[in-house]
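Q: Could we go through this structure together? I would like to start with one residue and then move on to other topics.

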Amino acid sequence: MNYGFIGFGNLAKAVYQGLKSVNNIQFAYFARSKKEADILFFDHIEALVSFADVIWLGIKPQDSKGVLEQLQPLDLTGKLIVTPVAGKKIAFVEDYLGKNLPVVRIMPNLAMAYRKSVTAFATNQPQNPRTEEIFNVLTKLGKAVKLNEDGFDLFTSVFGSGPAFILAFIQIFKEKMREFDLPGNVLDELLLGLTEGATHYFAENQANYSIEELIRNITSKGGTTQAGLDYFRTHNIGKHFEGVLDAARNRSEEMSRS
């Protein structure tokens, strides 16, 4: 099976890093200029299409129209398109390439590189064994879930953009911890230990306890944790953070309409 990337930015690199050890997959990419990468490079999109069985659109939303126009006159018989392009529905691809071509729309994140992504999956041909094969491949890169396209905008805000939002929250901890006057790399190591411990605690207990119960298990009545949580709840910080997710979802919806 040959996988061809149109564009080789961060997400395409993450897919490649996650899948490069999988047997029987060959990789290549087409881009405006050659990248520092150890896979086959094509400087013409026609050559990439001839090579690829599965074409991955590793492009920005604003470039999608131009790329699809380049693909439109080419022979795509036997090809399958995978598009992670935010805000661009399967129907958008079909408008250029037709409804007979199998198209898979995904919403992953860069944790694909470490096989830790949470990825949404939708397709215009759910009964096609080839699209099901792509779903199975995505399960090798973390968790994959079949989702109606109507849910993609919210999924994008939570799981596509979510890692950046979580890191932004961790950055708040780091800025506060600068009061310790420790080197930045030491602060990063401490924060990594904190987040790994919290994640492990959640992973080990989530089957038997809700998140609210796990929070209560950490909280002593009248203690420091309760003081912080009281401030969190009194000032509706959770609602403010929901606004971050809503802003991302709204932007995804805007890109779908444009």
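**Working through the model**

A: Certainly; please note that this is a predicted model. A starting point is S64, which lies in helix α3, spanning residues 64-71.

Q: Is S64 buried or exposed?

A: S64 counts as buried, because its relative accessibility is 3%, and the cut-off for buried is under 20%.

Q: What does the side chain of S64 have for polar company?

A: A polar atom of the S64 side chain lies 2.6 Å from the backbone oxygen of P61.

Q: And which residues does S64 contact, leaving aside its neighbours within four places in sequence?

A: Those contacts are with I59, V85, K88 and F92.

Q: Staying in α3, what does E69 pair with?

A: E69 forms a salt bridge with K65, and the closest N and O atoms are 2.6 Å apart. The two residues are 4 apart in helix α3, so about one helical turn separates them. E69 counts as partly exposed at 36% relative accessibility, and K65 counts as partly exposed at 44%.

Q: How many salt bridges are there in total?

A: The count comes to 11 salt bridges.

Q: Which residue pairs with E149?

A: E149 forms a salt bridge with R105, with the closest N and O atoms 2.9 Å apart. This pair links distant parts of the chain, 44 residues apart: E149 is in the loop between β8 (142-146) and α6 (152-160), while R105 is in strand β6. Both E149 and R105 are buried.

Q: Why is β6 described as largely enclosed?

A: Strand β6 covers residues 103-107, and 5 of its 5 residues are buried, so the rest of the structure largely encloses it.

Q: Which way do its side chains point?

A: V103, R105 and M107 point one way from β6, whereas V104 and I106 point the other way. In a regular strand, side chains alternate between the two faces of the sheet.

Q: How many bridges join β5 to β6?

A: There are 3 bridges between strand β5 (residues 80-83) and β6, and the two strands run parallel. V82 stands opposite V104 in β6.

Q: Changing topic: which residues form the nonpolar patch on the surface?

A: The patch consists of F169, I172, F173, L194, F232, F241 and V244, with about 590 Å² of accessible area together. Two or more residues each come from α7 (162-177) and α11 (237-257). Helix α7 gives the largest share, 3 residues.

Q: Where does F173 lie?

A: F173 lies in helix α7, and it counts as partly exposed because its relative accessibility is 38%.

Technical notes. Residues are numbered from 1 along each chain as its sequence is written. This is a predicted model: local features need pLDDT of at least 70, side-chain atom pairs count only at pLDDT 80 or more; totals for chains, interfaces and linings use all residues. Side-chain values use heavy atoms; hydrogens and water are left out. Buried means under 20% relative accessible area, exposed over 50%, partly exposed in between (1.4 Å probe, protein chains only). A polar contact is a pair of N or O atoms within 3.5 Å; within protein, one must be able to donate a hydrogen and the other to accept it, and residues adjacent in sequence count only if both atoms are side-chain atoms. Contact means heavy atoms within 4.5 Å. Patches are made of residues with over 30% relative accessible area and no salt bridge: like charges are joined within 9 Å, nonpolar side chains (Val, Leu, Ile, Met, Phe, Trp, Tyr) within 5 Å. Accessible areas come from the Shrake-Rupley method with a 1.4 Å probe; for residues, only the protein chains shown count as cover. A salt bridge is a side-chain nitrogen of Lys or Arg within 4 Å of a carboxyl oxygen of Asp or Glu. Two strands pair if DSSP finds at least two bridges between them.
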